[in-house]
Amino acid sequence: MVSLLCCGPKLAACGIVLSIWGIIMLVLMGIFFNVHSAVLIEDVPFTEEVFEDSKPPSKMYKLYEQVSYNCFIAAALYVFVGGWSFCQMQMHKRREYMVR
């Protein structure tokens, strides 16, 4: 019978902890980018063309929102990895109680 276990219980627990931390951090960063936080200006990929335009704030806001969406997508990937790690933990718990 094929086993779906591919990592140990410690690695699965580590994956859960890192996923929770990543979800919290990336959701908060996504929110701050969405409200156009000035502190995060260094992380926005802008060029000189943004400042030469007649409406520079609108282009800058669009870049902020793009980075915000990227943060939310990465947080969703962390949810997937956390769910996978949780399933691995549950499979290890079931395996402990099975009679061999």
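## Exercises on a predicted three-helix chain

At 12% relative accessibility, His92 counts as buried. The model is predicted, and the exercises below work from its coordinates.

**Exercise 1.** Determine where His92 sits and which residues distant in sequence it touches.

*Solution.* Start with the element: His92 belongs to helix H3. Next, take the accessibility of 12%; because buried means under 20%, His92 falls in the buried class. Finally, list the partners beyond four places in sequence: Leu5, Cys7, Gly8 and Pro9.

**Exercise 2.** Classify Ser85 as buried or exposed, and list its contacts outside the local sequence.

*Solution.* Ser85 lies in helix H3. Its relative accessibility is 2%, so Ser85 is buried. With neighbours within four places in sequence set aside, Ser85 contacts Ala12, Gly15 and Ile16.

**Exercise 3.** Classify Ile23 by accessible area, then find its contacts and its C-alpha separation from Ser58.

*Solution.* Ile23 is located in helix H1. Its relative accessible area is 25%. Buried would require under 20% and exposed over 50%, so Ile23 is partly exposed. Beyond four places in sequence, Ile23 is in contact with Ala75, Tyr78 and Val79. Ser58 is 35 residues from Ile23 along the chain, and the two C-alpha atoms are 28 Å apart.

**Exercise 4.** Identify the residues of the largest nonpolar core and the elements that supply two or more of them.

*Solution.* The core has eleven residues: Leu26, Phe33, Leu40, Val44, Val50, Met60, Leu63, Tyr64, Val67, Cys71 and Ala75. Two elements, helix H1 (9-34) and helix H3 (56-97), each give two or more residues to this core. The most come from H3, which gives six. Now take one member, Tyr64: outside its neighbours within four places, Tyr64 contacts Phe33, His36, Ser37, Ala38, Leu40, Ile41 and Val44. Another member, Cys71, has 7% relative accessibility and is therefore buried.

**Exercise 5.** State how many disulfides the structure holds, and explain why Cys6 does not form one.

*Solution.* The count is zero. For Cys6, the closest cysteine sulfur is that of Cys7, at 5.0 Å. A disulfide needs sulfur atoms within 2.5 Å, so this pair is too far apart for a bond. As for its surroundings, Cys6 is exposed, with a relative accessibility of 56%.

**Exercise 6.** Describe the fold pattern and decide whether the chain is as compact as the globule rule gives.

*Solution.* Count the elements: the chain has three helices and zero strands. In sequence order the pattern is α-α-α. The radius of gyration is 20 Å, while the globule rule gives 13 Å for 100 residues; the chain is therefore more spread out than a compact globule. Along the principal axes, the C-alpha trace spans about 75 × 25 × 15 Å. Of the 100 residues, 24% are buried. Among contacts with a separation of 6 or more, 73% join residues 24 or more positions apart. The accessible surface is about 7,700 Å², and carbon and sulfur atoms account for 68% of that area.

**Exercise 7.** Find which element has the lowest mean pLDDT and which the highest.

*Solution.* Begin with the whole chain: its mean pLDDT is 86, and 91% of the residues reach 70 or more. Then compare elements: helix H2 (residues 48-52) has the lowest mean, 75, and H1 has the highest, 95. Where pLDDT is low, the predicted coordinates should not be read in detail.

Conventions
Residues are numbered from 1 along each chain as its sequence is written. This is a predicted model: local features need pLDDT of at least 70, side-chain atom pairs count only at pLDDT 80 or more; totals for chains, interfaces and linings use all residues. Side-chain values use heavy atoms; hydrogens and water are left out. A nonpolar core is a set of buried Ala, Val, Leu, Ile, Met, Phe, Trp, Tyr and Cys residues joined through side-chain atoms within 4.5 Å. Buried means under 20% relative accessible area, exposed over 50%, partly exposed in between (1.4 Å probe, protein chains only). Helices (H or I, at least four residues) and strands (E, at least two) are DSSP runs, numbered from the N terminus. Contact means heavy atoms within 4.5 Å. pLDDT is the predictor's confidence in each residue, from 0 to 100. The radius of gyration is taken over C-alpha atoms; the globule rule is 2.2 Å times the number of residues to the power 0.38. Accessible areas come from the Shrake-Rupley method with a 1.4 Å probe; for residues, only the protein chains shown count as cover.
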